[in-house]
Amino acid sequence: MDNLTKYYGDDRGIEGLTFTVEPGEVFGLLGPEGAGKTTTVRTLMGLQAPSRGQASVLEYDIGHRRERTAMKQDIGYLPSEPSFDESLTGNQLLAYHASLKDDERSEQLLEQFALDSQLDKSIRTYTSEQRRLLATVVAFMHDPELVILDEPTVGLDPSTQEQLWTFLDAERQRGTTLFVVSCSLTTACILCDRVGILRNGHLIDFRASRQLPDRGPRIVRFVTSDPVAPDAFSFEHGYSVETEHTDRRSSDEGRTTRTTVRFVYAGTYETLLEALSSYTICDLTIEEAPLQELLAHWYGTRLGKGGGVDV
Ligand SMILES: Nc1ncnc2c1ncn2[C@@H]1O[C@H](COP(=O)(O)OP(=O)(O)OP(=O)(O)O)[C@@H](O)[C@H]1O
């Protein structure tokens with residue numbers, strides 16, 4: 001991409017994106033909601049014209065209609081929300097795609113994703129997981145050199161997510177180039193060799209996988225009746241620690257103080273559980289932190305929609 005820019009009227013989608021994804025690389029374009037990820041994919045796929053700049057996908061210049069058409073047959077594309085003609089069966093859909101771009105491995109992929117028994121049924125009857133896996137088969141069936149994946153694991157249950165990560169990791173080992181667009185740091189940490197951070201339409205940084213945590217950070221929130229020292233959760237991989245004390249009436253008519261501790265944590269669960277084990281825990285939740293939390297930590301600012309600075 002060379003200075004790839006897309007404006008919607010006066011609204012900026014992306015501006016000045018310049019970078020190259022190397023053959024065989026798994027590259028992650030990571031950004032919060034509204035940062036410009038979908039704009040980048042839609043522009044690369046030739047679904048909308050750039051306002052300025054240019055890009056080549058494999059050897060195809062996206063500025064030329066014929067080259068865009070040839071490019072779409074050569075690469076694989078997994079949209080974030082695959083849509084199909086619901087009246088078709090899985091077999092009919094695959095036959096249609098095979099007629100457009102060849103079929104070298106759908107049989108193997110269908111077996112791997114346990115979809116082979118579904119193929120005579122209409123897509124209308126598929127679960128959302130089965131639809132996503134069917135779209136994955138369509139994206140990889142012609143054994144493309146490059147696959148563009150838009151939010152590949154959003155909305156999948158944990159076991160299907162795991163299955164897709166394993167599949168994509170095997171694809172990496174086969175040498176397929178993957179361009180993964182995601183707002184999930186966990187997906188980026190697990191899959192990518194390198195990520196580009198998109199914020200407010202600008203690419204602000206690149207990080208190699210060794211500069212990423214092992215997993216996406218979690219928000220840990222727990223409530224304890226024990227006193228908590230102010231620096232108790234200043235771990236190497238913990239940050240944004242907040243504590244709040246509340247006074248409660250207890251059952252024996254006395255009063256108890258409870259402390260709620262919330263922090264963002266990107267270390268191992270063993271270290272976390274060891275730190276928590278010295279407290280009487282009244283309540284505990286651990287959930288994936290939004291990407292904004294990590295970007296705020298890395299770049300020292302609170303980020304709003306699109307990754308812009310919240311003021
Ligand atoms: N069709 C459109 N018309 C006007 N503005 C748009 C259009 N599509 C996107 N934008 C704007 O461009 C910016 C980037 O949006 P984009 O959808 O590319 O971000 P994103 O990172 O994909 O976000 P999300 O994760 O929510 O899909 C946002 O400010 C958005 O409001």
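**From an exposed alanine to the whole chain**

With 11 C-beta neighbours inside 10 Å, A114 counts as exposed, because a residue is called exposed when 12 or fewer other C-beta atoms lie within 10 Å of its own, buried when there are 20 or more, and partly exposed in between, with the C-beta atoms placed from the backbone. The model is a predicted one, in which local features need a pLDDT of at least 70 and side-chain atom pairs count only at pLDDT 80 or more, whereas totals for chains, interfaces and linings use all residues. Residues are numbered from 1 along each chain as its sequence is written.

A114 lies in the loop between α4 (106–112) and α5 (128–140), where helices (H or I, at least four residues) and strands (E, at least two) are DSSP runs numbered from the N terminus. Although A114 is not a glycine, its phi is positive, near 55 degrees. A second non-glycine residue with a positive phi, of about 55 degrees, is N3, which is placed in strand β1 and, with 13 C-beta neighbours inside 10 Å, counts as partly exposed.

The loop between α4 and α5 also holds L119, a partly exposed residue with 15 other C-beta atoms within 10 Å. Beyond its neighbours within four places in sequence, L119 is in contact with T89, G90, N91 and L110, a contact being a pair of residues whose C-beta atoms, placed from the backbone, lie within 7 Å. The C-alpha atom of L119 is separated by 9.3 Å from that of L93, which is 26 residues away along the chain.

After this loop comes α5, which has 13 residues and reaches 19 Å from its first C-alpha to its last, close to the expected 18 Å; that expectation is 1.5 Å times one less than the number of residues. Its buried residues are R132, L133, L134, A135, T136, V137, V138, A139 and F140, and what covers them includes β7 (76–78), α3 (90–101), α4, β8 (146–150) and α6 (158–174).

Seen as a whole, the chain has 9 helices and 15 strands, and its C-alpha atoms fill a box of roughly 75 × 45 × 35 Å along the principal axes. The domain assignment, whose bounds come from an automatic or database source, gives domain 1 (2–211) and domain 2 (218–288), with 40 Å between their centres, taken over C-alpha atoms. Buried residues make up 32% of the 311 residues, and, among contacts between residues at least 6 apart in sequence, 71% join residues at least 24 apart.

The ligand is surrounded by 13 residues, of which the closest are Y8, E33, K37, T38 and T39, nearness meaning that the C-beta atom of a residue, placed from the backbone, lies within 6 Å of the molecule or strand in question. The elements that give two or more residues to this shell are β2 (11–17) and α1 (37–44), and α1 gives the most, with 3 residues.

As for confidence, the chain averages a pLDDT of 89, and 94% of the residues score at least 70, pLDDT being the predictor's confidence in each residue, from 0 to 100. Among the elements, strand β1 (residues 2–8) has the highest mean pLDDT, 97, and helix α9 (residues 291–299) the lowest, 78. Over residues 302–311 pLDDT stays under 50, and for these the model has 27 contacts beyond four places in sequence. For the complex, the predictor gives an ipTM of 0.96 and a pTM of 0.82.

Key. Contact = placed C-beta atoms within 7 Å.
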